Amino acid sequence: MVNRGIRFTQLLGAELKGAIIARGATAAEVSEALGHSEAALSRWLNGKSQLPVRVFENVCEYIEAEPKDLVGRAHHRLLRELGAYAGPVVELSQADVILAARDADDDAEHEAQMQRKTRPPPGDG
């Protein structure tokens with residue numbers, strides 16, 4: 001069974017990636033401008049890890065895209081692929097919430113490590 005949330009994240013990343021390209025920008029340009037590693041942005045855009053809402057909003061602002069349009073298109077694609085919801089929306093289990101938080105923490109830690117690696121030593125700038 002396909003996890004709708006994971007699939008939605010993938011579709012949202014694809015919509016954001018398309019919007020970046022449509023505006024004539026590159027992932028490298030966007031990641032540099034917003035202070036993220038290109039690898040992290042690539043993981044988010046390609047649905048390899050959850051796209052943080054703050055990153056989504058910041059990228060949309062940078063490329064002057066309307067977040068609600070991208071979310072709407074991603075949701076429409078989700079419904080076309082998987083159909084309407086079969087029943088009442090089920091609340092996430094505590095385990096799901098913990099795993100999502102861990103994933104976000106891992107992404108944040110990886111991003112912090114990348115920032116430390118690319119930052120010039122004190123006195124070099």
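**Helix α4 and the nonpolar core**

In α4 of this predicted model, residues V55, F56, V59, C60 and I63 are buried (under 20% relative accessible area, with exposed meaning over 50% and partly exposed in between; 1.4 Å probe, protein chains only). Seen down the axis of α4, these buried residues fall within an arc of 135 degrees, so they line one face of the helix; the arc is that of the directions from the helix axis to the C-beta atoms. An α-helix has 3.6 residues a turn, so residues three or four places apart point the same way. The exposed residues V53, R54 and E61 are carried on the face of α4 turned away from its buried side. Packing partners of the buried α4 residues are α1, α2 (27-34), α3 and α5, where contact means heavy atoms within 4.5 Å.

Residues are numbered from 1 along each chain as its sequence is written, and side-chain values use heavy atoms, with hydrogens and water left out. Because the model is predicted, local features need pLDDT of at least 70 and side-chain atom pairs count only at pLDDT 80 or more, whereas totals for chains, interfaces and linings use all residues.

The protein has six helices and zero strands, helices being DSSP runs of H or I of at least four residues and strands runs of E of at least two, numbered from the N terminus. Of the 125 residues in the protein, 26% are buried. Among contacts between residues at least 6 apart in sequence, 74% join residues at least 24 apart. The exposed area of the protein is about 8,400 Å², of which carbon and sulfur atoms supply 55% (Shrake-Rupley method, 1.4 Å probe).

The largest nonpolar core has 21 residues, and L16, I20, V59, I63 and L70 have the most contacts inside it. At least two residues of this core come from each of α1 (4-22), α3 (38-45), α4 and α5. Such a core is a set of buried Ala, Val, Leu, Ile, Met, Phe, Trp, Tyr and Cys residues joined through side-chain atoms within 4.5 Å. Beyond its neighbours within four places in sequence, L16 is in contact with L45, L51, F56, V59, C60, I63 and L70.

Helix α1 also contains E15, which counts as buried at 12% relative accessibility. Residues up to four places away in sequence aside, E15 touches L70, R73, A74 and R77.

E64 follows α4 and lies in the loop between α4 (53-63) and α5 (67-82). Phi of E64 is positive, near 60 degrees, in a residue other than glycine. E64 is exposed, with a relative accessible area of 70%.
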